[in-house]
Amino acid sequence: SSFIPPRRVYLAGPAFGQSDTVANDWRRLATAILDAQRVINPMRRDYRGKEDLLYMQIVKEDKADIDAAYMLLAYCPIPSAGTSMEIFYAHSQQKPVVICAMPPISPWIRYHARVIQPDILDAILVVRALL
């Protein structure tokens, strides 16, 4: 019998200009609940402070991670250009997108989401059910 790799989820959320707390705490929670084998965490490459120099590498690597994922979980506590682009990119590939956001929610975010939850734990549990 052939090995079937687990479905994986890309963890999209603000990193540019953000504290460790904003960038990493929710990702640690998601990893604990979903299992490290099932998450693709772009913060394993922490390029904060080097964005101007490494923008090509950052976007190429993040897109490759999304390509490898089955779905995307986006934590949206604040507006983020990168997170919004990742949501759009995943949706354009027909990947399910689960978003954690509080109202008011942009029509663009709403349009590209399969599910929106106001609480990150609830969003993670939706992802676990869909994986």
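Helices (H or I, at least four residues) and strands (E, at least two) are DSSP runs, numbered from the N terminus. The model is predicted: local features need pLDDT of at least 70, side-chain atom pairs count only at pLDDT 80 or more, and totals for chains, interfaces and linings use all residues. Residues are numbered from 1 along each chain as its sequence is written, and side-chain values use heavy atoms, with hydrogens and water left out.

**Exercise 1. Backbone geometry**

Task: Locate Q94 and D35, state the sign of phi for each, and identify the cis peptide bond at P104.

Solution.

Step 1. Q94 belongs to the loop between α3 and β4. Its phi is near 60 degrees, a positive value in a residue other than glycine.

Step 2. Accessibility is classed by relative accessible area: buried is under 20%, exposed is over 50%, and partly exposed is in between (1.4 Å probe, protein chains only). With a value of 68%, Q94 is exposed.

Step 3. D35 sits in the loop between α1 (20–34) and β2. D35, also not a glycine, has a positive phi of about 95 degrees. Its relative accessible area of 39% makes D35 partly exposed.

Step 4. P103 and P104 are joined by a cis peptide bond, with omega about 0 degrees. P104 is placed in the loop between β4 and α4 (107–112).

Step 5. For context, most residues other than glycine have a negative phi, and most peptide bonds are trans.

**Exercise 2. The surroundings of K95**

Task: Determine which residues K95 contacts and how far away the nearest side chain of opposite charge is.

Solution.

Step 1. K95 is found in the loop between α3 (81–92) and β4 (97–100).

Step 2. Contact means heavy atoms within 4.5 Å. Neighbours within four places in sequence being set aside, K95 is in contact with I66, D67, A69, Y70, M71 and A90.

Step 3. For charge, Lys and Arg count as positive and Asp and Glu as negative, while His and the chain ends are not counted. A salt bridge requires a side-chain nitrogen of Lys or Arg within 4 Å of a carboxyl oxygen of Asp or Glu. K95 is buried yet has no salt bridge, and D67, the nearest side chain of opposite charge, is 5.8 Å away.

Step 4. A polar atom of the K95 side chain lies 3.4 Å from the backbone oxygen of I66.

**Exercise 3. Salt bridges around α2**

Task: Trace the salt bridges formed by R45 and describe the network to which R45 belongs.

Solution.

Step 1. The search of the whole structure finds 7 salt bridges.

Step 2. R45 pairs with E61, the closest N and O atoms being 2.9 Å apart. This pair links distant parts of the chain, since R45 is in the loop between β2 and α2 and E61 is in helix α2, 16 residues apart.

Step 3. R45 also meets D65 in a salt bridge of 2.9 Å, N to O. D65 is likewise in helix α2, so this pair ties together parts that are 20 residues apart in sequence.

Step 4. R45 is buried at 17% relative accessible area, as is D65 at 9%, whereas E61 is partly exposed at 24%.

Step 5. R44, R45, E61, D62 and D65 are linked in a network of salt bridges.

Step 6. Another salt bridge joins D20 and R48, with the closest N and O atoms 2.5 Å apart. D20 is in helix α1 and R48 in the loop between β2 and α2, 28 residues apart.

**Exercise 4. Helix α2 and strand β4**

Task: Describe the bend and the buried residues of α2, then the orientation and pairing of β4.

Solution.

Step 1. Helix α2 (residues 51–68) bends by about 40 degrees at Q57; the bend is the angle between axes fitted to the seven residues ending there and the seven starting there.

Step 2. E51, L54, I58, D62, D65 and I66 are the buried residues of α2. Their cover includes β1 (9–12), β2 (39–40), β3 (71–75) and α3.

Step 3. From β4, V97 and I99 point one way and V98 and C100 the other way, and all are buried.

Step 4. Two strands pair if DSSP finds at least two bridges between them. β3 and β4 pair in the parallel sense over 4 bridges, and L73 stands opposite V98 in β4.

Key
A polar contact is a pair of N or O atoms within 3.5 Å; within protein, one must be able to donate a hydrogen and the other to accept it, and residues adjacent in sequence count only if both atoms are side-chain atoms.
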